[in-house]
There are 2 protein chains.
Amino acid sequence: MDRKSISDVIENYLKSILGNDEQIEIRRSEIANHFDVVPSQINYVIKTRFTLQNGYLVQSKRGGGGYIRIERVKLLDDVDVLDMLIDAIGSSISENDAFDVIKTLYREKVISRREGDLMLVALSKHTLDMNDHNAENKLRARLLVAFLNRLRYES
Amino acid sequence: MDRKSISDVIENYLKSILGNDEQIEIRRSEIANHFDVVPSQINYVIKTRFTLQNGYLVQSKRGGGGYIRIERVKLLDDVDVLDMLIDAIGSSISENDAFDVIKTLYREKVISRREGDLMLVALSKHTLDMNDHNAENKLRARLLVAFLNRLRYES
DNA sequence: CATCATCTGACTAATACTGACCATTATGAT
DNA sequence: ATCATAATGGTCAGTATTAGTCAGATGATG
């Protein structure tokens, strides 16, 4: 009785060749060939099993000599604080509220002054320069959440 | 593992003969011959890997005694170079070109790894998540130029 | 049988490589 | 001086080689 899907098998295979290394580089078509599945299934496996939440960072390059690189990253201690903030931000946030979040991060020593300044520049109304206030606030939320997610780990 | 493209090999070769020197001069046909590729591939390698975004200035001369000169430059030290860079970015920039700029800043030790990573997520296609490709590239250019100007008036 | 996970393939996007044709510069003959 | 020729590098469009996306089909599970 073999309950394991081929996706599970591929997942285990990739983890086994990752072994103790920090990262591996694979050819999508090679893996797909090896397990006799369509290439896009490799994307499916990666998307469902090698997420940031699981501690993996994935990068790729197309074209000749292309590859998919899977990297293991170390999750940090501030994860709880960051998750709470991410939850509070939701899908939209004003400039002032975003600035408050940065101040909080700085006060909690999660980020340095310089890092905070760089984030502020990116979140400012002036830089985003959009007509649609609603779209601006949504974009700002995406940027801020992306920052917070990046702070969850080190590589 | 023979996964690197010949362009990658040529890139590394040029960087190795550049070494610690400020600049090198090569003959296009010689390099092409050495790696058994058509001469125009050298142009391709230079165009994709030795851009100003990558921290290189390239000049050339045709005709007898012609050459291609590759010079390593620092992006922030020299006001002229920074202005050239901002000029090259213009009002629109792709994800890859923007990433190259951040990588160069990190290589020059103008920014820390973490600062670079934070900027990278802000500039990533995934974070910006816009339907309009054109609008996305314009926003990315505003963000990147804002970062550069922030760094310029600080160091 | 309802729902979620898995799997597929057609279409898209990015990168690499090639060769025909073009532009520039040096040199030597007249 | 002028011009022809040789010796360089540049451009661009077309082909090849990769990976990504997404909607729909299929399978597994409660």
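A salt bridge is a side-chain nitrogen of Lys or Arg within 4 Å of a carboxyl oxygen of Asp or Glu. With that rule in hand, here are some points to follow as you turn the structure on your screen.

1. **The overall count.** Please keep in mind that this is a predicted model. Over all chains, the salt-bridge rule gives a count of 26. The idea behind such pairs is simple: side chains of opposite charge can pair when their charged atoms come close.

2. **A pair that links distant parts of chain A.** Start with A:D83 and A:R152, whose side chains form a salt bridge with an N to O distance of 3.3 Å. A:D83 belongs to helix α4 (residues 79-89), while A:R152 sits in the loop between α8 (133-150) and β5 (153-154), so this pair ties together parts of chain A that are 69 residues apart in sequence. The two partners also have their own surroundings to look at. A:D83 counts as partly exposed because its relative accessibility is 31%. A:R152 has a relative accessible area of 4%, so this residue is buried.

3. **A pair inside one helix.** Now compare the salt bridge between the side chains of A:D100 and A:K103, at 3.4 Å from N to O. Both residues lie in helix α5 (residues 95-107) of chain A, and they are 3 residues apart, about one turn of the helix. A:D100 is partly exposed, since its relative accessible area is 38%. A:K103, at 52% relative accessibility, counts as exposed because the cut-off for that class is over 50%.

4. **Chain B has salt bridges too.** B:R27 pairs with B:E30, and their closest N and O atoms are 3.7 Å apart. With a relative accessible area of 43%, B:R27 is partly exposed. There is also a network to trace: A:K61, B:D8, B:E11, B:K15 and B:R49 are joined by salt bridges that share partners.

5. **A buried arginine.** Is B:R140 buried or exposed? B:R140 has 0% relative accessibility and therefore counts as buried. You will find this arginine in helix α8 (residues 133-152) of chain B. Its side chain reaches the backbone oxygen of B:L123 at 2.6 Å. The side chain of B:R140 also makes a polar contact, again at 2.6 Å, with the side chain of B:E136. Setting aside neighbours within four places in sequence, the residues in contact with B:R140 include B:I93, B:S94, B:E95 and B:A98. The residues B:S124, B:K125 and B:L128 are also among its contacts.

6. **Where the two chains meet.** How many residues of chain B are in contact with chain A? There are 27 of them, in contact with 28 residues of chain A. Between them the two chains bury about 2,500 Å², and 57% of that area is on carbon and sulfur atoms. B:R3, B:R114 and B:L118 supply 28% of the area that chain B buries against chain A, more than any other three residues.

7. **Polar links across the interface.** The rule finds 5 salt bridges between chain B and chain A. An example to look up is B:R150 with A:D117, where the closest N and O atoms are 2.8 Å apart. On the chain B side, α6 (113-123), α7 (125-128) and α8 each supply at least two of the residues that touch chain A. The largest share, 8 residues, comes from α6(B). By class, the chain B side divides into 13 nonpolar, 2 polar and 12 charged residues.

8. **Around the DNA.** Which residues come nearest to DNA strand C? Of the 27 residues around this strand, they are A:S7, A:Q41, A:Y44, B:S7 and B:N96. Sugar and phosphate make up 67% of the strand C atoms that come within 4 Å of the protein. The surface near strand C has 8 nonpolar, 13 polar and 6 charged residues.

9. **Three contacts with the strand.** A backbone N or O atom of B:I6 lies 3.1 Å from a phosphate oxygen of DNA strand C. B:R49 has a polar side-chain atom 2.7 Å from a phosphate oxygen of the strand, and B:R49 also belongs to the salt-bridge network in point 4. For B:R62, an N or O atom in the side chain is 2.9 Å from a sugar or linking oxygen of DNA strand C.

Terms used. Residues are numbered from 1 along each chain as its sequence is written. Chains are lettered from A and ligands numbered from 1 in the order in which they are written. This is a predicted model: local features need pLDDT of at least 70, side-chain atom pairs count only at pLDDT 80 or more; totals for chains, interfaces and linings use all residues. Side-chain values use heavy atoms; hydrogens and water are left out. Helices (H or I, at least four residues) and strands (E, at least two) are DSSP runs, numbered from the N terminus. Buried means under 20% relative accessible area, exposed over 50%, partly exposed in between (1.4 Å probe, protein chains only). A polar contact is a pair of N or O atoms within 3.5 Å; within protein, one must be able to donate a hydrogen and the other to accept it, and residues adjacent in sequence count only if both atoms are side-chain atoms. Contact means heavy atoms within 4.5 Å. Buried area is the accessible area (1.4 Å probe) that two parts lose on being put together, summed over both. Ala, Val, Leu, Ile, Met, Phe, Trp, Tyr, Cys and Pro count as nonpolar, Asp, Glu, Lys and Arg as charged, and the others, Gly among them, as polar. A residue is near a molecule or strand if one of its heavy atoms lies within 4 Å of it.
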